[in-house]
Amino acid sequence: MQRAFFMNYFQIDDLKKKIVCAVLIFVGALLLGIGVAIVVERAQTERGITEQTSSQQDASNGQPSKIQQDEQVKKVALTFDDGPNPDYTGVLLDGLKERGVKVTFFVLGSEVELYPELVRRASEEGHLIGVHAYRHVNLRQLSDAQAIEQVDRTNGAIYRATGQYASYIRPPYGCWKEDLDYEVQMVEVLWDIDPRDWATTSSNLVVQRVLNEVEENSIILLHDASKSSVQAAFTIIDTLQNQGYTFVTVEELLLE
Ligand SMILES: [Zn+2]
């Protein structure tokens, strides 16, 4: 009886030991789990802080942001009147492509009808096409109806060549009938610098005249109608790009 009691007691005590053991293992596992969770969370927090800090460093590592870059860009626009020209427009387009430069062409409708492929190419290569007139006439000396016809015929030729109507006009001699702005739904664009390239065969002279006057947002008037003008354009581009200028279309300049 006593023996049986001790056996029972021993057995109960053994059971208690097992329970205590199991509880200890459970608590141990629980504490280990909590410990692992804390370590992982701390590591993630630290990594988050590191990433945040490094991204802050990216933003402030001396590189200007996109907005700052836009503010710092000095823009200038080259414009070419009287084309397209079968001898010089193609050469000009080749050089512009090489230099990654976009310009604006104010074309004559009569020439667009003769050489539509040049205007199509210019448009496809990202240049802006605007209206000069159908023929090289002073629009102020025409009746309103005749002036409108000069614009509409040119715009029709531009549309047939490029699939798009022009939105900008630079009338020959800068002579426009402002009261027709609404009628033709076009924006008149004149110029800031006229180096009179058509009156000289010296590209150096044209280059010097432009470089003497150029400043940020200048619109430069040239003609893709002679070898010296095209050469002058390339030298102007190479020189001003080295001075930090970016060449844009007049639309990009005016939309600022
Ligand atoms: Zn002209």
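Buried residues are those under 20% relative accessible area. With that cut-off in hand, turn to helix α3 of this predicted model. The helix spans residues 89–99. Its buried residues are Thr89, Gly90, Leu92, Leu93, Gly95 and Leu96. What covers them includes two strands, β1 (74–81) and β2 (104–108), and two helices, α5 and α9.

Take the helices in turn. Two packed helices are described by the angle between their axes and the distance between the axes. For α3 and α5, the angle is about 15 degrees and the axes lie 10 Å apart. Angles under 35 degrees count as roughly parallel, so α3 is roughly parallel to α5. The crossing of α3 past α5 is left-handed. On the α3 side, the contact uses Thr89, Gly90, Leu93 and Asp94. Leu118, Arg121 and Ala122 meet them from α5. By class, these residues are 3 nonpolar, 2 polar and 2 charged.

Now the other partner. Helix α9 covers residues 227–242. It packs on α3 at about 10 degrees, with the axes 10 Å apart. That angle makes α3 roughly parallel to α9 as well. From α3 come Val91, Leu92, Gly95, Leu96 and Arg99. From α9 come Val230, Ala233, Phe234, Ile237, Asp238 and Gln241. This contact holds 7 nonpolar, 2 polar and 2 charged residues.

The spacing of these contacts can be read against helix geometry. An α-helix has 3.6 residues a turn, so residues three or four places apart point the same way. In α3, Gly90, Leu93 and Asp94 are among the residues that meet α5, while Leu92, Gly95, Leu96 and Arg99 are among those that meet α9.

Follow the chain out of α3. Just after the helix, glycine 100 takes a positive phi of about 65 degrees.

Which residues does histidine 127 touch, leaving aside those up to four places away in sequence? They are Leu93, Leu96, Val101, Lys102, Val103, Phe105 and Ala122. Leu93 and Leu96 are also on the list of buried residues in α3. Ala122 is one of the α5 residues that meet α3. Histidine 127 itself sits in the loop between α5 (116–124) and β3 (128–133). Its relative accessibility is 6%, so histidine 127 counts as buried. The side chain also has a polar partner: one of its polar atoms lies 3.0 Å from the backbone nitrogen of valine 103.

Methods. Residues numbered from 1 in each chain as written. Predicted model: local features only at pLDDT ≥ 70, side-chain atom pairs only at ≥ 80, totals over all residues. Heavy atoms only, no water. Helix = DSSP H or I, 4+ residues; strand = E, 2+ residues; numbered from the N terminus. Buried < 20%, exposed > 50% of the residue type's maximum accessible area, 1.4 Å probe, protein only. Polar contact = N/O pair within 3.5 Å; in protein donor to acceptor, adjacent residues only side chain to side chain. Contact = heavy atoms within 4.5 Å. Axes fitted to C-alpha atoms, helices over the stretch in contact; angles between N-to-C directions. Parallel < 35°, antiparallel > 145°, perpendicular 65-115°, else oblique. Left-handed = near helix turned anticlockwise from the far one by under 90°. Nonpolar A, V, L, I, M, F, W, Y, C, P; charged D, E, K, R; others polar.
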